[in-house]
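I opened this one to see how its rings and its core are put together. Notes follow as I went.

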Amino acid sequence: MSEEEINYASVVFKPKNKPPPEAKDEEETVYDEVKVHSQTSEQTADTNGLMPDKKGKNSRSPCQLVACCLSILCVILIIGIIVVCIYFVSPSQDRQLDQLKHNQTTLLAENDNLTKRNTELISDNENLRRNNDNLTVQLSNLKIMYNVSESKLKNLTEENQNLKTRNQELETRNQELETQRNNLTQQIEKKETEWNELNVTRAQWTIDAYCSIEENQRHCNACQDGWLNNTSSCYAINNPGLNEQKNWREARENCRGKGSDLVVIVDEKEKKYVSDHSWESSGTSGYWIGLRVEDGRWKWVDGSDLTEESWKKPPEKDHCAISVKDRGWKSVNCSERNRWICEKAALSV
């Protein structure tokens with residue numbers, strides 16, 4: 001049924017000034033009501049001066065009966081229609097109401113589901129928005145990294161090209177150095193040959209210097225001519241004139257030129273031997289020995305520190321030691337000029 005509202009008309013016949021019958025059926029009740037209505041009409045016509053005759057009244061009675069029958073049939077039909085409508089319409093409305101309630105419940109459930117789904121979609125949309133923001137930041141960082149990497153790649157390409165150029169230069173330089181190495185190898189071989197020849201010459205010279213030939217026989221000495229031998233050392237006492245005397249450095253260079261160095265005194269016996277052979281010395285004039293002030297300490301020319309307990313002179317800058325006959329050692333400025341004593345190892349024979 002449609003949702004439009006249906007209005008039903010009902011016909012009610014009420015008797016005038018008479019109570020309703022108790023034991024009549026429905027047709028008799030309707031007939032009585034029509035008869036009462038007819039009598040009332042006649043009374044009304046009499047009061048208005050219309051006096052129909054009896055013949056006319058009797059002539060209209062069948063028509064009135066037909067009309068009454070038709071009226072009764074219409075009323076019965078209307079009542080049947082009303083009853084049928086009430087019978088069929090009411091359950092249909094109930095069913096529609098139940099269906100509507102069911103539909104309402106279903107729609108409410110679907111609305112709840114849609115509300116939940118909408119909430120989930122809002123949350124998903126927020127997450128997607130955050131992910132989009134993160135991806136945007138990552139993309140920006142990747143672009144920056146790409147630009148940096150591209151710049152580094154460009155720099156590395158330039159460096160690689162420079163390295164290639166440098167490598168070519170190094171290869172050229174390597175070839176030059178290889179040529180120089182070959183030349184130096186040849187020079188070293190030549191020098192070694194000359195050195196060997198020189199060593200032979202020196203050995204021969206040493207033999208000639210230490211071993212003299214007398215009556216076709218060699219007689220070897222521990223020291224060369226002009227050198228004094230004491231235990232395992234040879235000493236050269238240099239006594240030049242005043243004009244040929246030297247400062248400490250010059251005296252040492254003279255000793256080195258003879259394959260020796262300024263004398264290094266290791267014990268009291270050697271100290272006394274050197275003092276006894278410091279012949280022409282007195283006062284501040286003596287013989288240079290291999291002792292000088294270095295780094296604020298007294299040191300020998302062989303690098304050892306002074307350990308002499310009986311001679312403790314404050315180390316003064318640019319001071320060196322001299323040996324004076326019968327008076328031991330003295331500290332004087334290294335620039336002064338004096339005689340000197342050289343020492344080297346004696347030949348073992």
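Before looking for lysines over rings, I fixed the rule: a charge sits over a ring if NZ of Lys or CZ of Arg is within 6 Å of the ring centre and within 35 degrees of the ring normal. I also noted that this is a predicted model.

**Charges over rings.** I looked up Lys271 and found it over the face of Trp329, at 4.5 Å from the ring centre. I then went to Trp227, where the charged end of Lys344 sits over the ring, 4.6 Å from its centre.

**Aromatic pairs.** How many aromatic pairs does the ring-centre rule, within 6.5 Å, give? I get 2 aromatic pairs. One is Tyr235 with Tyr273: the ring centres are 5.1 Å apart and the planes stand at 45 degrees, so I logged the pair as tilted. Tyr235 belongs to strand β4 (residues 233–238) and Tyr273 to helix α5 (residues 268–276), so this pair ties together parts 38 residues apart in sequence. I checked burial too, and both Tyr235 and Tyr273 are buried.

Next I took Trp300 and Trp329. Their ring centres are 5.7 Å apart with planes at 80 degrees, and since over 60 counts as edge-to-face, that is the label I wrote down. Trp300 is in strand β7 and Trp329 in strand β9 (residues 328–333), so the pair links parts 29 residues apart in sequence. Are these two tryptophans buried or exposed? With under 20% as the cut-off for buried, Trp300 is buried because its relative accessible area is 5%, and Trp329 is buried because its value is 6%.

**The β6/β7 hairpin.** I followed Trp300 back into its strand. β6 (residues 287–294) and β7 (residues 297–300) pair in the antiparallel sense over 4 bridges. I traced Val293 to its bridge partner in β7, Trp298. There are 2 residues between the strands, and Asp295 takes a positive phi near 55 degrees.

**The core.** Which residues touch the most other members of the largest nonpolar core? Out of its 36 residues, I listed Trp288, Ile289, Leu291, Trp300 and Trp329. The elements giving two or more residues to this core include α4 (248–256), β8 (319–324) and β10 (339–345), as well as β4, α5, β6, β7 and β9. β6 gives the most, with 5 residues.

I finished on Leu291. Leaving out residues up to four places away in sequence, Leu291 touches Trp248, Trp298, Lys299, Trp300, Leu306, Trp311, Cys320, Ala321 and Trp329.

Methods
Residues numbered from 1 in each chain as written. Predicted model: local features only at pLDDT ≥ 70, side-chain atom pairs only at ≥ 80, totals over all residues. Heavy atoms only, no water. Pairing = 2+ DSSP bridges. Phe/Tyr/Trp six-rings, centres within 6.5 Å; stacked < 30°, edge-to-face > 60°. Buried < 20%, exposed > 50% of the residue type's maximum accessible area, 1.4 Å probe, protein only. Core = buried A, V, L, I, M, F, W, Y, C linked by side-chain atoms within 4.5 Å. Contact = heavy atoms within 4.5 Å.
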